[in-house]
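Subject: Handover of a structure and notes on its contents

Dear colleague,

Please find the structure below for your own reading. My notes on what was found follow it, arranged by topic.

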Amino acid sequence: MNAQIVRLFGLIVVLFGLLIVWTTRWTVIDASALNSNPLNSRALIAQLRVKRGRILAADGTVLARSVPAGGGTFSRSYSQGSLFAQPVGYADVREGSAAGLERSRGPELRGLSTGLTSIFGPLGGQQVGDDVDTSLDPRAQAVAREGLAGRPGSVVALDPRTGAVLAMYSDPSYDDNRPKAPCSDACQLDRATQGRYPPGSTFKIVTATAAIDSGRYTPSSVVDGRSPVTISGVPLANDNDQPFGDIDLTTALTYSVNTVWAQVAVALGTPTMTSYMRRFGFYATPPIDLPPGEVRSSYPVSSQGRAYPPGSPNEDIGRIAIGQGGLEVTPLQMAMVASAVANGGRLMRPHLMTRAIDQDGRTVKTVTPTLYHQVMQRSTAQQVAQMMEKVVDEGTGTPAQLGSGIPFAGKTGTASVGPTGEGLTQPWFIGFAPIDDPQVAIAVTIERSEGGFGGTVAAPIAKSVVQTLLAEGK
Amino acid sequence: MSARNRELFALVPASLLVTAGFTGVFIQRSNVLSNVSLTYGAIFLALCLATHLFIRFTLRHADPYMFPLAAVLASFGVVMVYRIDATEARQQAQWFVLGLLLFGATIIFFRDYRRLERYRYIIVLVSLALLVLPRLPHVGYAANGAYLGVRLPGGIVFQPTEFSKIGLVIFLASYLRDTRQVMVMGARRILGVTLPPLKHFGPVLVIWGVAMVILVALHDVGSSLMFYGALLAILYVATARLSFVVVGLAAFALGAWFLGTHVAHITGRFESWLHPFQYRLYHAPLGSYQLANGIFAQAAGGLFGQGFGQSVLTIPGTHPVAYLLPAPETDMIYAVITNEVGLFGATAVLIAYLLFVYRGLKAAALARDSFSKLLATGLAAVFGLQVFVIVGGVTRVIPLTGVTLPFISYGGASIVANFVLLALLLLVSDRARRPS
């Protein structure tokens, strides 16, 4: 009988071998497919049990934190709500949806940024994420909201030296504690990074930079400012069809003379203009730490709404030079334009997060200021800055004057939008201060204003936000 | 080193495991290392030592590895059940003590276990009666469409099939010891298939038929597979005729096909086995939810597992608590094990079971008389098949049916019955290894 017993044991060994093979199949071979099976709620539950880190403003104000939601799970609470909802976003783990920093900085907030945490995670019990420090300034945010006063529009302030975002507020906003609540006018669209607006005359900063940095013009080069001139076969006029005669470029910027800048751009040619636009960051998605789908690049589009390939001969470069001609930009992009000039031509990579700090207070990640593009020579930047100073001192931007002897470099813009005759405008102001030691670069715009001008509508908002930030020693 | 000293040393891993396991669970629970974990370890060690001394005095020659293997598995089981439900773990520990008492009683009263042969018809009738109990009104208890348990006073649910399996093995071993010779001699070939003479095979067939009918009535395919496999194993070892096994398997396949197409509960199990991740079956009542989530739990375990006490068993924030993994302490405990200690830990558990079966069959091989050989073979085979049926069900090798994972799953009858099974194997082994 012993031979049969041996064979019986052989059969049992085979059966147990099958068990081990099948266990291997589930735990190793098919594991990743099973972990992502739509019926599998384990990953989601694991996420719910992670105590995500907090998101903090520059002054330590808690913008987002985890609160216990029963059963060892957590949900997110946003004490500042709509004031920071656009950049902070939300994380609704149960619904599997997230936006803003909550999404883009998810790895840090979940505590996956450091290898040590994930290795010892299983032994350490509760998984706790890292806190994310941002450069956002709550008072500047509040002043921006006050300034917009419920009008759709956007305010973006950057530290030109580092690229840190100091303020990023858009109206309308939404309550990120209830991201699914219905709201009107695309309230969840972060207009600061996704708004598509004609920049109007603020774009003349780009044209001026191209003119001077290419060596073809100086601030005192003289151009005929008559009105109208024919650009791309169509007459182009100054505001109120006002003729200026022979004026230098500084004066042409101070009084925002369309015909001068259109002629300059035509003389520079599309390739030169396109090259400088690329250096300022146009045609590319700004490398800010927000989810890729929430940041849009800025570029000209045809009247049918199609994007021109960069440098296309079909572009109306004369009108693009004054911020029309189908050019569509985001407020963030225009803040980057001001920031590049402010920082001696060095455009820094914009970022919201400054540091990630683990639960024991150790800094586990620091975002170091990084050069994004060397846009222009330092001398060009100085000359453009002086021209912009004149705009605020005596030109279209006088409502932005900061007083107390702080020099403010700026540029207004008033693009006409909507059907002709309705008088709808897109007022803009971009600028930076103080000129000798720039600490704040800003872009402000209002959507579909009823006849407002950059100088009268946008410049006062920029002024109060910049004053707030400078008062705090930014 | 003597057999008993080897047994003593082999107990060290068991006590280390239970202490380490409780420590792990406690650290996870409270981040404080409570001395309760050490107390549990000490009590467990004391019980093992007492049992060891008992074996030392009563069964001096018995296999030295079987009891330590059972102790390792049982200690692992107590830790796993504790991690799932502390109250159930305390009950499990009480059953463990009762199991050890019954283990001692078996060894004392059936020291000459061949006396069992005298009562074989009583034993088989009692075993069959035990099988019927769950179907009776008032005492029966149905779970997931199968009549598996008996409700005892005090709300305790008892699975009598766990004892039936031992009784049926004793009967078959005894009956085939008597008839195996004639069965082979009188065999004739019908249509090219060798069949035993009906006269002697009859009683075995009757047992098979009655067991099948009862199991059809009880809807308990897992136990049916286990019993039937043990029957074929004993038959094969007794007669050395593979043809009997082939015929037996064919008969079982026919029965399985009939059940699979005619009993809704079994049809559902079968469909869930084939398509566990089908949306409709996943959400159907008694559908593939449990099986699919068992597999998801194993997938999340990976190579090394998520650690003791880390497995997610319930859906957070549900009142009353909804199980992500239903029946984690009984049917699905293997999935919890794989989830927490990974492929490596699960494989180690399976190897411990395989070693137990190996030592059981070794006792059978060493035994000097046919009854002892067949008894040990049957007990080892039924034990191994039970592991295969439940682990195979959880890992989707075969359709999932509810039997317990011996020594590990929560369940009083299972723990107690398996200690009786261990006692019988040790008795056979002691006699076999005793110098003549």
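Two strands are said to pair if DSSP finds at least two bridges between them. Please keep in mind throughout that this is a predicted model.

**The open sheet of chain A**

With that meaning of pairing, six strands of chain A form an open sheet, in the order 3-2-1-6-16-17, and the pairing is mixed. At the edges stand strand 3 (74-77) and strand 17 (363-366) of chain A; each has a single partner strand, so one side of each is left without a neighbour in the sheet.

The partner of strand 3 of chain A is strand 2 (residues 62-68), and these two pair in the antiparallel sense over four bridges. Within strand 3 of chain A, A:Phe74 is the residue that stands opposite A:Pro68.

Further along the order comes strand 6 (residues 131-134) of chain A, with neighbours on both sides. Strand 1 (residues 55-56) of chain A runs parallel to strand 6, and two bridges join them. A:Val132 of strand 6 is the bridge partner of A:Ile55. Strand 16 (residues 353-357) of chain A, by contrast, runs antiparallel to strand 6, and four bridges join this pair. Here A:Thr134 has A:Met353 of strand 16 as its bridge partner.

Which way do the residues of strand 6 of chain A point? A:Asp131 and A:Asp133 point one way, whereas A:Val132 and A:Thr134 point the other way, and all are buried.

**Chain A as a whole, and its helix 15**

Chain A contains 17 helices and 22 strands. Its C-alpha trace spans about 120 × 45 × 40 Å along the principal axes. Of the 474 residues in chain A, 56% are buried. If one takes the contacts in chain A between residues at least 6 apart in sequence, 67% of them join residues at least 24 apart.

Helix 15 (residues 331-342) of chain A has 12 residues; from its first C-alpha to its last it reaches 17 Å, close to the 16 Å expected at 1.5 Å a residue. Is this helix enclosed by the rest of the structure or exposed? Buried means under 20% relative accessible area. By that criterion 12 of the 12 residues of helix 15 are buried, so the helix is largely enclosed by the rest of the structure. Among them are A:Gln333, A:Met336, A:Ser339 and A:Val341. Just after helix 15 of chain A, A:Gly344 takes a positive phi of about 65°.

Chain A also has arginines placed over aromatic rings. The charged end of A:Arg279 sits over the ring of A:Tyr276, 4.4 Å from the ring centre. A:Arg278 lies over the face of A:Tyr283, at 5.7 Å from the centre of that ring.

**The nonpolar cores**

In soluble globular proteins, nonpolar side chains tend to be buried together. The largest nonpolar core here has 130 residues, and those with the most contacts inside it include B:Tyr353, B:Phe356, B:Ile408 and B:Phe419. Apart from this core lies another, of 119 residues, including A:Ala91, A:Met273, A:Met277 and A:Ala342.

Leaving out residues up to four places away in sequence, B:Ile408 touches several residues, among them B:Leu73, B:Phe76, B:Val81, B:Ile333 and B:Tyr353.

**Aromatic rings and a buried arginine in chain B**

Over all chains, the structure holds 20 aromatic pairs. One of them, B:Tyr282 with B:Tyr289, is tilted, with 5.2 Å centre to centre and 55° between the planes. B:Tyr282 is buried at 6% relative accessibility, whereas B:Tyr289 is partly exposed at 24%.

The rings of B:Phe356 and B:Phe407 have centres 6.1 Å apart and planes at 70°, so this pair is edge-to-face. B:Phe356 lies in helix 13 of chain B and B:Phe407 in the loop between helix 14 (370-394) and helix 15 (412-433) of chain B, so the pair ties together parts that are 51 residues apart in sequence. Both rings belong to buried residues: the relative accessibility is 1% for B:Phe356 and 0% for B:Phe407. The two residues are also part of one aromatic cluster, which includes B:Phe67, B:Phe96 and B:Phe383.

Helix 13 (residues 333-366) of chain B holds B:Arg359 as well. B:Arg359 is buried, with a relative accessible area of 12%. Beyond its neighbours within four places in sequence, B:Arg359 is in contact with B:Asp63, B:Tyr65, B:Met66, B:Leu69 and B:Arg433.

Yours sincerely

Notes
Residues numbered from 1 in each chain as written. Chains lettered and ligands numbered in written order. Predicted model: local features only at pLDDT ≥ 70, side-chain atom pairs only at ≥ 80, totals over all residues. Heavy atoms only, no water. Expected span 1.5 Å × (residues − 1). Buried < 20%, exposed > 50% of the residue type's maximum accessible area, 1.4 Å probe, protein only. Contact = heavy atoms within 4.5 Å. Core = buried A, V, L, I, M, F, W, Y, C linked by side-chain atoms within 4.5 Å. Phe/Tyr/Trp six-rings, centres within 6.5 Å; stacked < 30°, edge-to-face > 60°. Lys NZ or Arg CZ within 6 Å of the ring centre and 35° of its normal.
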